[in-house]
Amino acid sequence: MLNSIIEVLSLSFMQRALVVGLMVGLVAPTIGIFFVVRRYSSMADTLAHVSLAGVAVSLLAGTAAIPTALVVSIMSVLGIEQLRENKTLPAETIVSLFLFGGLALGVVLLSLAHGHNVNIVNYLFGNILTVTTSDVWNIVILGGVVVVTTLVCWRQFFAISLDEDTARAAGLPVKLLNRVLAILGAATIAIAMNVVGVLLIGALMVIPVLAAMQFKVGFTRTWLMAVIISLVSVALGLGASYALDLASGGSIVLVAILGFILSTFCAKLMTNR
Amino acid sequence: MRIAKTSTIIEAKHLTFRRNDEEVLHDFSFAIHEGDYVGVIGPNGGGKTTLLRLLLGLEKPTSGNIKILGGSPMRRTVRQQIGYVAQRGGSLDSQFPATVEEVVKAGRTPRLGWFGCWKSSDEKAVRTAMKEMNVEKLRERPMSRLSGGERQKVLLARAMAAEPKILFLDEPVDGLDPQSRDDFYKLLRTINKRGVTIIFVSHDVHVISREAGSALCLKHQLVCHGDKACHIQGTQLRDLFHATHEDLVHHHDT
């Protein structure tokens with residue numbers, strides 16, 4: 001068993017997959033926890049669908065997929081935040097508009113790019129085993145920036161997540177912090193695109209956090225537990241994907257769901273004790 | 001009329017606020033002094049919460065101006081000296097995964113700045129706020145496992161962690177049982193005695209009469225702002241609150 005694991009880990013594509021997977025496993029719940037506690041989970045899905053439009057733009061323009069998707073996502077989140085602050089439409093309506101708009105634009109642009117030699121399925125469902133060395137560097141650097149920025153602004157993000165009005169009344173720059181958080185969300189989506197695919201990114205941002213929340217242990221501990229659940233999901237999901245020749249993104253998310261079920265069960269046991 | 005004994009801490013001049021072509025507040029002027037304990041009272045929909053939001057800088061007046069601590073309520077340096085407890089905890093989700101200590105510490109965050117480190121003075125302010133509001137023993141408890149009274153005390157501790165000069169409260173005891181209400185008002189009296197100016201909104205004439213040092217009565221416009229006794233004519237009071245004149249006369253000297 002140990003020999004098999006060592007053998008698998010000696011494969012360079014598996015090493016790249018593991019590094020990228022673990023980085024995504026760290027970044028996704030770190031940003032995801034703020035989306036979840038603000039009841040803004042659908043934002044992750046919206047950004048994912050918008051980034052699909054970004055991938056389509058990159059195919060037509062001949063640019064790199066991840067940076068292009070990042071730029072398109074950032075433009076969208078800034079639009080969402082602006083509309084949300086104007087309060088002319090409910091937040092869910094705005095998010096839905098961008099979700100369906102992004103998907104529709106992506107589909108139309110992809111139909112235009114039909115002649116290009118593209119495997120769009122990799123972007124939709126993720127294929128971590130095809131990650132290149134340059135992808136690894138891009139993801140590690142961008143992921144590092146997201147984690148460090150989030151940790152630096154941790155207290156501020158926490159305060160605006162608790163109650164925006166109180167935070168604003170007390171002098172926090174809520175508008176700016178909302179935009180920074182949304183941009184970090186967009187970066188997370190861009191990072192995770194290769195790993196779990198745009199259709200499943202939201203799951204990795206949300207499910208480990210929901211699993212950790214079952215224990216009702218406070219915010220920082222919830223985040224730490226979510227990161228552990230996420231990292232374990234990525235490692236086990238990747239292993240299952242390799243061993244059983246399954247899709248990597250789906251395998252990781254299914255393990256995370258299993259983690260959620262186990263957490264719910266364990267939390268109930270602890271409460272009844 | 002009020003005899004000026006301390007410096008003016010809040011000053012509103014000709015304040016008017018319109019929302020969707022409806023005039024919520026009309027030509028409103030008043031001054032509040034340092035150390036005052038002011039109850040803002042008026043009927044539902046009379047503009048109490050709007051006035052509070054204007055004072056907090058959460059809304060901009062259509063016309064007129066507000067000065068708090070000599071500056072605009074939009075200024076960060078002014079806001080950092082203000083504490084706020086919203087109605088029913090504002091938008092704070094009852095299932096939010098945070099402990100009492102984490103929530104109280106969040107009240108100190110605006111004092112830290114962008115890259116501000118958590119210093120021993122911040123820790124001390126948080127400990128003092130928790131101790132004074134009697135929530136120290138709850139520090140590790142999740143917010144979702146608190147009673148309504150405990151929750152409001154925690155939110156008051158969060159506001160006090162910033163060591164504010166002015167404390168705004170919007171119907172802070174709404175939905176609490178009588179014992180929790182009494183406990184809460186006792187805490188507010190202690191805070192006020194330390195020199196913190198308190199402005200709290202309520203629709204309860206009896207509470208304003210019993211607790212506040214002065215009352216600011218409004219129904220879209222200023223009906224009266226007075227110290228000790230707010231002399232509203234019986235007909236006005238009936239019209240405003242469906243209460244009697246005696247209900248609104250303060251008895252703090254007796």
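Start in chain B of this predicted model by selecting strands β1, β2 and β4: they form an open sheet of 3 strands, ordered β2-β1-β4, and the pairing is antiparallel. At the edges you will find β2 (22–33) and β4 (63–68), each of which pairs on one side only. Look along the sheet and you can follow its twist, which averages 15 degrees from one strand to the next.

Now zoom in on the pairing of β1(B) with β2(B), an antiparallel match that extends over 8 bridges. A handy landmark here is Phe17(B), which stands opposite Leu25(B) in β2(B).

Stay on the β1 strand, residues 8–19 of chain B, and pick His14(B), which is part of it. Its phi is positive, about 50 degrees, and His14(B) is not a glycine. That deserves a pause, because most residues other than glycine have a negative phi. Is His14(B) buried or exposed? His14(B) counts as exposed because it has 12 C-beta neighbours inside 10 Å, and the cut-off for exposed is 12 or fewer.

Next, add helix α1 of chain B, residues 48–55, to your selection. The helix lies across β1, β2 and β4 of chain B, and it runs at about 120 degrees to β1(B).

Move on to strand β7 of chain B, residues 197–202. How many of its residues are buried? The strand is mostly covered, with 6 of its 6 residues buried. Show the side chains: Thr197(B), Ile199(B) and Val201(B) point one way, while Ile198(B), Phe200(B) and Ser202(B) point the other way, and all are buried. This is a nice case to look at, because in a regular strand the side chains alternate between the two faces of the sheet.

Which strands should you show beside β7(B)? One is β3 (residues 37–41) of chain B, which runs parallel to β7(B) and is joined to it by 5 bridges. Within that pairing, Val38(B) has Ile199(B) as its bridge partner. Another is β6 (residues 166–170) of chain B, also parallel to β7(B) and joined to it by 5 bridges. Here Asp170(B) has Val201(B) as its bridge partner. Bring in helix α6, residues 178–193 of chain B, and you can trace a right-handed β-α-β unit made of β6(B), the helix and β7(B).

Now switch to chain A and select helix α7, residues 133–152. From first C-alpha to last, its 20 residues reach 29 Å, close to the 28 Å expected at 1.5 Å a residue. Colour Asp135(A), Asn138(A), Ile139(A), Gly143(A), Val146(A) and Thr150(A), which are buried. They sit on the same side of α7(A), because they cover an arc of only 115 degrees around the axis. To see what these buried residues pack against, show α2 (12–37), α4 (65–86), α8 (154–162) and α10 (174–196) of chain A. Then turn the helix around: the face away from the buried side carries exposed residues, including Trp137(A), Ile141(A) and Leu151(A).

For the last stop, go to the loop between α11 (201–213) and α12 (219–244) of chain A and select Lys216(A). Lys216(A) is not a glycine, yet its phi is positive, at about 45 degrees. Is Lys216(A) buried or exposed? Lys216(A) counts as buried because it has 20 C-beta neighbours inside 10 Å, where the cut-off for buried is 20 or more.

Note on methods:
Residues are numbered from 1 along each chain as its sequence is written. Chains are lettered from A and ligands numbered from 1 in the order in which they are written. This is a predicted model: local features need pLDDT of at least 70, side-chain atom pairs count only at pLDDT 80 or more; totals for chains, interfaces and linings use all residues. Helices (H or I, at least four residues) and strands (E, at least two) are DSSP runs, numbered from the N terminus. Two strands pair if DSSP finds at least two bridges between them. A crossover is right-handed if, with the strands pointing away from the viewer, the path from the first strand over the helix to the second runs clockwise. Axes are lines fitted to C-alpha atoms, for helices over the stretch in contact, and angles run from 0 to 180 degrees between N-to-C directions. Two residues are in contact if their C-beta atoms, placed from the backbone, lie within 7 Å. The expected span of a helix is 1.5 Å times one less than its number of residues. The arc is that of the directions from the helix axis to the C-beta atoms.
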